[in-house]
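Please look over the structure shown below before reading the report on its sheet, one of its loops and its nonpolar cores.

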Amino acid sequence: MITKLVLKTAAMLAMSILTAATANSRDLDTVAPILGKYPKTSVLLSADGTITPDSPPTNTISINVSTSTGFKGKLEGYPATGIVRVTDAHPAGTYRVTVKAFDSGGASVTKIFMLRVRTPTTCNPVHFAAATSVPAGSGPYASAVGDFNGDGKQDLALTNVTTNSAAILLGNGNGTFGAPATFAVGNTPTSIGVSDFNGDGKEDLAVANLGSNTAGIYLGNGAGGFTLSVNIRVGDGPYSVAVGDFNGDGKPDIATANFSSNNVSIALGDGTGHFGAATSFAAGMEAINIAMGDFNGDGHQDLVVANYASDNVSVLLGNGDGTFSSATNLITGSEPASVSLGDFNDDGRQDLAVTNEESSNVSILLGDGEGNFGPPSNLAVGSGPRSVAIGDFNGDGNQDLAVANTGTNFVSMLLGDGNGGFSLATVLGVGSNPYSAVVGDFNGDGKQDLATANNDFPNPGSVSILVRDCAP
């Protein structure tokens with residue numbers, strides 16, 4: 001009898017301990033993440049930096065960092081430390097940055113801080129040192145700036161269309177770069193974008209593969225290497241890719257402009273590096289380039305698409321749930337090949353700069369902040385303008401343009417006056433047949449530099465690095 005009573009008591013005690021342990025485990029599983037406060041921070045134009053919270057996060061498996069669509073740099077958060085990394089901060093201005101930490105069950109907590117991007121000392125007249133050439137593989141075409149090994153020095157990612165590969169050039173922080181490290185992508189990669197698709201604080205890549213009808217997502221290992229996560233079937237002939245958050249869930253999504261199917265594909269990300277099936281929205285004929293903004297100030301991300309055969313751009317206003325309104329078409333010059341966003345008259349509203357390859361000019365369309373744009377003002381540049389990058393090259397606080405002119409060996413530079421007008425174009429020598437231009441600060445001196453991808457097929461291609469030196 002005593003033995004049975006002892007055994008029954010022990011069993012009841014064990015059950016009680018097990019129940020308590022299970023309850024405690026369940027309580028731990030439901031504890032929301034905790035995230036420290038971030039200080040307001042100031043960085044120089046096109047510079048890199050880190051922002052550290054006053055305490056590290058707890059119960060956090062991923063962090064999403066976002067700000068207004070007017071910010072064109074990159075933001076990543078590290079789940080282990082909560083540190084937010086800024087790469088290539090531009091354009092100048094003050095931005096409200098939202099940091100959201102997620103636990104394994106999807107619960108989240110949000111912190112907000114202000115990031116100010118400062119214009120460096122005026123450098124007028126603008127001057128760049130002679131371009132230096134960096135090997136980049138065969139057929140370099142599209143380019144993007146990032147920090148792929150986390151050393152605080154800006155790197156370059158490029159696509160090589162003739163070898164169906166991408167190349168990573170790690171920066172040394174002094175305006176020079178290491179040898180290209182290449183990896184295979186899809187057929188005819190014509191565009192590349194940078195984001196953090198799986199929330200691990202390491203920069204990843206999205207590549208539009210024109211010949212494969214896919215967008216490839218490549219996850220970075222934080223040391224400059226990349227691994228394919230998924231190939232997303234999009235429309236026919238995806239020529240350009242842009243990264244945004246089109247359904248407002250804090251996870252990066254992608255949009256592609258599809259040259260052959262005359263539409264835009266939207267694929268929504270799940271925050272782990274995977275994406276749902278793409279949905280499509282009509283654009284114009286031969287949709288060749290895509291950019292993201294917020295044109296009507298409703299907090300939802302919108303799209304603008306350059307339509308090569310329609311001689312116009314299509315504006316698609318976002319509904320905030322991953323869907324978009326029907327396109328509104330705006331006349332430009334002949335054969336618009338690319339579109340970029342800026343604020344050229346300093347009114348706080350997003351404007352458009354469109355390169356027109358056949359008419360050898362750039363169209364400026366000023367936005368009214370309600371989703372509408374004025375008629376184009378056309379600026380003459382060199383022949384075959386293919387890509388436009390926006391910066392502040394003379395440090396006067398006004399946004400300027402740098403245009404890659406295909407079929408030549410130069411870029412055209414136009415200095416903004418802050419009222420929507422620009423100077424006459426001047427030229428800067430680069431390699432042969434530049435297809436894209438990007439802005440960065442490759443030597444860490446606080447001044448904006450330029451890099452162009454030079455598709456000198458059938459000769460080996462190159463990247464030209466132009467460092468702003470402020471020489472008299």
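The sections below take up a sheet, a loop residue and the nonpolar cores of this predicted model.

## An open antiparallel sheet

Four strands, in the order 9-10-11-12, make up an open sheet whose pairing is antiparallel. Strand 9 (140–146) and strand 12 (181–184) lie at the edges and have a single partner strand each, so one side of each is left without a neighbour in the sheet. From one strand to the next, the twist averages 20°.

Within this order, strand 10 (residues 155–160) pairs with strand 11 (residues 165–169) in the antiparallel sense over 5 bridges, and Asn160 is found opposite Ser165 of strand 11.

## Leu268 in its loop

Leu268 belongs to the loop that lies between strand 19 (263–267) and strand 20 (279–282), and with a relative accessible area of 28% this residue is partly exposed. Although Leu268 and Asp253 are 15 residues apart in sequence, their C-alpha atoms are 4.6 Å apart in space.

Once residues up to four places away in sequence are set aside, Leu268 touches Phe246, Asn247, Asp253, His274, Phe275, Gly276 and Gly322.

## Two nonpolar cores

The largest nonpolar core comprises 20 residues, and those with the most contacts inside it are Phe295, Val304, Val313, Leu330, Val339, Leu352 and Phe373. At least two residues of this core come from each of strands 21 (287–293), 22 (302–307), 23 (312–316), 25 (336–342) and 26 (351–356), with strand 25 giving the most, namely 3 residues.

Apart from neighbours within four places in sequence, Phe373 is in contact with Phe295, Val315, Leu330, Gln350, Asp351, Leu352, Leu365, Leu366 and Gly367. A second, separate core has 19 residues, among them Ala89, Tyr95, Phe113 and Leu115.

Technical notes
Residues numbered from 1 in each chain as written. Predicted model: local features only at pLDDT ≥ 70, side-chain atom pairs only at ≥ 80, totals over all residues. Heavy atoms only, no water. Pairing = 2+ DSSP bridges. Axes fitted to C-alpha atoms, helices over the stretch in contact; angles between N-to-C directions. Buried < 20%, exposed > 50% of the residue type's maximum accessible area, 1.4 Å probe, protein only. Contact = heavy atoms within 4.5 Å. Core = buried A, V, L, I, M, F, W, Y, C linked by side-chain atoms within 4.5 Å.
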